[in-house]
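Look at the fold below and follow how its helices and strands are placed against each other. The report takes up a helix pair, then the sheets, then some unusual backbone spots.

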Amino acid sequence: MAVTADQNSTSNGTTGDGAPTTPDTSMFDDIDFSDAEMHDVVIIGTGPAGWTAAIYAARADLDPLIYMGPEPGGQLTTTTDVENYPGFPEGILGPEMMERFQQQAERFGTESRYGTVTHVDFSERPYRLLVDEETPVYAQAVIVSTGASARYLGLENEQRLIGKGVTACATCDGSFFRGETVAVVGGGDSAMEEATFLTKFAKKVYVLHRRDELRASKIMQERAFENDKIEFVWNTEVIDVLGENQVEGIEVINNETGETRVMDEVTGLFLAIGHTPNTEPFMGWLDTDDNGYIITKPDSTYTNVPGVFASGDAQDHEYRQAVTAAGTGCMAAIDAERWLAEHGRVDPQAEKKRVAEPKATAAKS
């Protein structure tokens, strides 16, 4: 579910506690935009949302430019088999899927570039973007599809085995663990939901929580407690993930007694400790909820800034699926096309001249 304007929000120009904040544009002071490229639509981010937006924008003759960001292809590039995306009855590797998305977008004229949009200035059109801290770009409209990053524990072997038994998405990967024993890390609603879902496939699901009580809602706790396949392991933290080419166990520690042990029956480790939306460059400009997800107007991808649209996991904290991200990418491109058709393009030099003329008249009088 997308975050919409009627939910708890951090309004443009305020922090979460209501204190005023002004977006910092000082990084633009020494950047010369006189020769900056002008683009009708700039898409920021290249997961399923970004590439789908690019396909639709290119087919609408908007000549989109897409910046791939620090993780080209998004979270799917760390996924092995994708079996729940329509049109691939035999499944497809995540990286291969993103390559196909890219090829299709470029076939229709999308220009794709490596680089990360590090700063934005949405104070007036055309909007100013700064790529990799130094390259200036103008955009008549912007589609934000920067996604969200799953939170991991930060263990060396955990990172090495992502997509090889370590995952942050039970819906995506649960079916690969039929008849196996898995562990879920977390104590909130997401962890309870993931653990309960995994019981459809796994023969045993451990829930590892670093405290002795859950943060999850009462109803989610009750569902998990009543499930015979779920066993809770309290005051426990994962300190290592074992295995060379796939997960072959985990090492855990009891944070009260200091006792460590190996759970060698565990072949899948599911992290359910939250996601962080990749929306930092837009803070202060775009309305977000308390967790940083961009708020869009109901039944659309419109943000609070005219001509700026948000799609994918950067504005969806509920579903976080490739197919739903692609759907909102389509919506964002259509919204951008219609908005540009209604509002037209702005020449930055003409805009500067328009602003300067009243000042000159005032000075003469």
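In this predicted model, helices α1 and α2 are roughly parallel to each other, because their axes cross at roughly 20° and angles under 35 degrees count as roughly parallel. Helix α1 covers residues 48–59 and helix α2 covers residues 94–107, and their axes come within 8 Å. The crossing of α1 and α2 is left-handed. On the side of α1 the contact is made by Pro-48, Trp-51, Thr-52, Ala-54, Ile-55 and Ala-58. On the side of α2 it is made by Met-98, Phe-101, Gln-102, Gln-104 and Ala-105. What kinds of residue make up the contact of α1 with α2? There are 8 nonpolar and 3 polar residues, and no charged ones.

**The parallel sheet**

An open sheet is formed by 5 strands with parallel pairing, and their order is β10-β17-β11-β12-β13. The edge strands are β10, at residues 166–167, and β13, at residues 230–233. Each of these edge strands pairs on one side only. Strand β12 spans residues 204–208 and is joined to β13 by 4 bridges, with the two strands running parallel. Across this pair, Val-205 has Ile-230 of β13 as its bridge partner, and Tyr-206 stands opposite Glu-231 in β13. In a regular strand, side chains alternate between the two faces of the sheet. How are β12 and β13 connected with helix α6? Together with this helix, at residues 218–225, the two strands make a right-handed β-α-β unit.

**The antiparallel sheet**

Another open sheet has 3 strands in the order β14-β15-β16, and here the pairing is antiparallel. Strands β14 (236–242) and β16 (260–263) stand at the edges with a single partner strand each, so one side of each is left without a neighbour in the sheet. Neighbouring strands of this sheet are turned by 25° against each other on average, direction ignored.

Strand β15, at residues 249–254, pairs with β14 over 6 bridges and with β16 over 4 bridges. Ile-253 of β15 is the bridge partner of Glu-237, and Ile-253 also stands opposite Thr-260 in β16. Both strand pairs are hairpins: β14 and β15 have 6 residues between them, while β15 and β16 have 5 residues between them.

**Unusual backbone spots**

Most residues other than glycine have a negative phi, and most peptide bonds are trans. The table lists positive phi values.

| Residue | Place | Phi |
|---|---|---|
| Asp-132 | loop between β7 and β8 | near 55° |
| Gly-243 | turn of the β14 and β15 hairpin | about 125° |
| Gly-258 | hairpin of β15 and β16 | near 80° |

Asp-132 has its positive phi in a residue other than glycine. The loop that holds Asp-132 lies between β7 and β8, and β8 covers residues 135–144.

Where does a cis peptide bond occur? The cis bond joins Arg-125 and Pro-126, with omega about -10°. Pro-126 is placed in the loop between β6 (117–121) and β7 (127–131). Strand β7 thus borders both loops: the loop with Pro-126 and the loop with Asp-132.

Conventions:
Residues are numbered from 1 along each chain as its sequence is written. This is a predicted model: local features need pLDDT of at least 70, side-chain atom pairs count only at pLDDT 80 or more; totals for chains, interfaces and linings use all residues. Side-chain values use heavy atoms; hydrogens and water are left out. Axes are lines fitted to C-alpha atoms, for helices over the stretch in contact, and angles run from 0 to 180 degrees between N-to-C directions. Angles under 35 degrees count as roughly parallel, over 145 as roughly antiparallel, 65 to 115 as roughly perpendicular and the rest as oblique. A crossing is left-handed if the near helix is turned anticlockwise from the far one by less than a right angle, and right-handed if clockwise. Contact means heavy atoms within 4.5 Å. Ala, Val, Leu, Ile, Met, Phe, Trp, Tyr, Cys and Pro count as nonpolar, Asp, Glu, Lys and Arg as charged, and the others, Gly among them, as polar. Two strands pair if DSSP finds at least two bridges between them. A crossover is right-handed if, with the strands pointing away from the viewer, the path from the first strand over the helix to the second runs clockwise.
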